[in-house]
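Visitor: I'm new to this one. Could you take me for a close look at a single part, the space closed off inside, and then show me how that part sits in the rest?

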Number of protein chains: 2
Amino acid sequence: MNKKIVIVGLGLIGGSLAKAFQKYSECQIAGIDRDPDVLKAALACGAIDKIGGDADIREADVLYLCLYPQADIDFVASHAHLIPPDCVVTDTCGIKSEICAHLPRIAQEHGFLFAGGHPMAGKEKSGFAASDADLFLDASYILVPCGAPQRAVDLLKAIAVELRFGGTVETTPEKHDRMIAFTSQLPHVLACAYVMSPCCPEHNGFSAGSYRDVSRVANINEQLWAELFIDNREALVGELDTLITNITKIKNAVSKNDAEALRILLRRGRQIKEMLGE
Amino acid sequence: MNKKIVIVGLGLIGGSLAKAFQKYSECQIAGIDRDPDVLKAALACGAIDKIGGDADIREADVLYLCLYPQADIDFVASHAHLIPPDCVVTDTCGIKSEICAHLPRIAQEHGFLFAGGHPMAGKEKSGFAASDADLFLDASYILVPCGAPQRAVDLLKAIAVELRFGGTVETTPEKHDRMIAFTSQLPHVLACAYVMSPCCPEHNGFSAGSYRDVSRVANINEQLWAELFIDNREALVGELDTLITNITKIKNAVSKNDAEALRILLRRGRQIKEMLGE
């Protein structure tokens, strides 16, 4: 495929998208970033073909928003007059209700197309330096069409196949945010809460894979995640309440020396994993 | 090294120890297991040199206990009269206070040596079929000498080096159990509590590495872990209380839309990981 792509924000996700386009497609990539050093680096390593400007936005076939949620909304609001009628604008945010409350409306007002997107891949490091052409290999790409015409959704799907995503899922903003509260936000809260134990600084020599896995994403970008958590407050607080309730059930069984109740609770964990074939 | 080794219990840990001895040492391995099919399989694949009996125990240089905690204690109690004076008996249990309350005393009464041990490696599968000669590669081997003479500890360390463990740590039963409550038991409780969310069965397409990492060990052996949790009740309940408190702090900041408090909490997570160089 040979399209004109504009990527706004060359952090971990935007940088990785740019590199994936260069590695796996024939598209031309214009990159926009507020940091001139990142733009220079992206150009020098071939992640982008050019530094993007107003002219590139005017000619874009697809525009990927890879900033924080509010910054994505602000960028579209201030550049909407430049975006051409057939351009597909999409985002890569970790939550959708906030984005989808604003961008479909702005798109409709200005005549371009908007469909939300969320590539389900990440790393415990952020920034362009951590970006990787193969970050999305086999990852799921969630599409949140928000009423966008099918041709916009189909184009984003075709690009996802070309960039070697593992598959796509279409859903609503509400279901997306509810699921993400569980699959992604909860593990990040947990990782941070976990490493706050007074035992943590002494773990070396006493730990193995379980410690490594639970603590991995504690290496968090607090600016980004604080915004994502608060934008998804209701779903996240609901999941946290459920989790605290379930931890407390197990704790109470241990506390009371109730081996039978404990086995029943742990067996449920095992059975859920088995049912999922994991 | 060329020693006579008896391994009692050829599950994941005992089976992996047997295979590691065969791959990396010149020791002769006699295996004991209540399941004749496991013994046959272990013999057939060369994990053990022979099926162990009383005569092997009478000649053992080192005896590894790889059963559940109470079963280890029962085995030693009922076979103590067979264990020769210079034999080093060690276990591989995930908790130490219970084991160390009994086995050093039995050893002293019968004139053999006991030092506790805990190879910090595992898998989300159990049983001989899951055992692997390289399970312990680069893993930490925790030694809990409980007053054993230095020569017993040194022998176990020398074996650990030969079997390609990554390093050894010496500690007390109390510190071992306190650290393990954090590094190993807590992640297992968390994994089970996590997958109990009503969202879990629908995670496919919405999840990536964070889900996989937190949920991995929910595939738990509930018989073994219920015993380990209850044997370490005090330390584990303490860690669970700490964790619930810290999750609740983050939840409250999200609940109240308090982005600044939330960033401060998340930053602590990141700073702890950074301090640890992880």
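Guide: Let's start with helix H6 (residues 150–162) of chain B, which gives three residues to the lining of the largest cavity, the most of any contributor. Helices here are DSSP runs of H or I with at least four residues, strands are runs of E with at least two, and both are numbered from the N terminus. A word on the ground rules: this is a predicted model, where local features need pLDDT of at least 70, side-chain atom pairs count only at pLDDT 80 or more, and totals for chains, interfaces and linings use all residues. Residues are numbered from 1 along each chain as its sequence is written, chains are lettered from A and ligands numbered from 1 in the order in which they are written, and side-chain values use heavy atoms, with hydrogens and water left out.

Back to the hole itself. The full lining is Leu17(B), Tyr64(B), Pro119(B), Tyr141(B), Leu156(B), Ile159(B), Ala160(B), Leu163(B) and Phe165(B). On a 1 Å grid over the protein atoms alone, a cavity is a set of points where a 1.4 Å probe fits but cannot get out, and lining residues have an atom within 4 Å of a point. This one holds about 40 Å³ of space, a volume being the space filled by probe spheres set on the points, with grid points joined across faces, edges and corners. By class, its lining has nine nonpolar, no polar and no charged residues. Nonpolar here covers Ala, Val, Leu, Ile, Met, Phe, Trp, Tyr, Cys and Pro; Asp, Glu, Lys and Arg are charged, and the others, Gly among them, are polar.

The count comes to two cavities of 30 Å³ or more. The second largest, at about 30 Å³, is lined by Leu17(A), Tyr64(A), Pro119(A), Tyr141(A), Leu156(A), Ile159(A), Ala160(A), Leu163(A) and Phe165(A). Helix H6 (residues 150–162) of chain A supplies the largest share of that lining, three residues. Those lining residues divide into nine nonpolar, no polar and no charged.

Helix H6 of chain A also holds Arg151(A). Its side chain meets that of Asp86(A) in a salt bridge (3.2 Å, N to O); the term means a side-chain nitrogen of Lys or Arg within 4 Å of a carboxyl oxygen of Asp or Glu. Asp86(A) sits in the loop between helix H4 (69–79) and strand S5 (88–91) of chain A, 65 residues from its partner. Over all chains, the search finds 32 salt bridges.

Now for where the two chains meet. There, 83 residues of chain B are in contact (heavy atoms within 4.5 Å) with 83 residues of chain A. The rule finds 10 salt bridges across that interface. One salt bridge joins Arg270(A) to Glu222(B), with the closest N and O atoms 2.8 Å apart. The side of chain B that touches chain A has 45 nonpolar, 20 polar and 18 charged residues.

Definitions and conventions: 1 Å grid on protein atoms, 1.4 Å probe; cavity = no way out; pocket = protein on both sides within 12 Å on 5 of 7 lines; lining within 4 Å.
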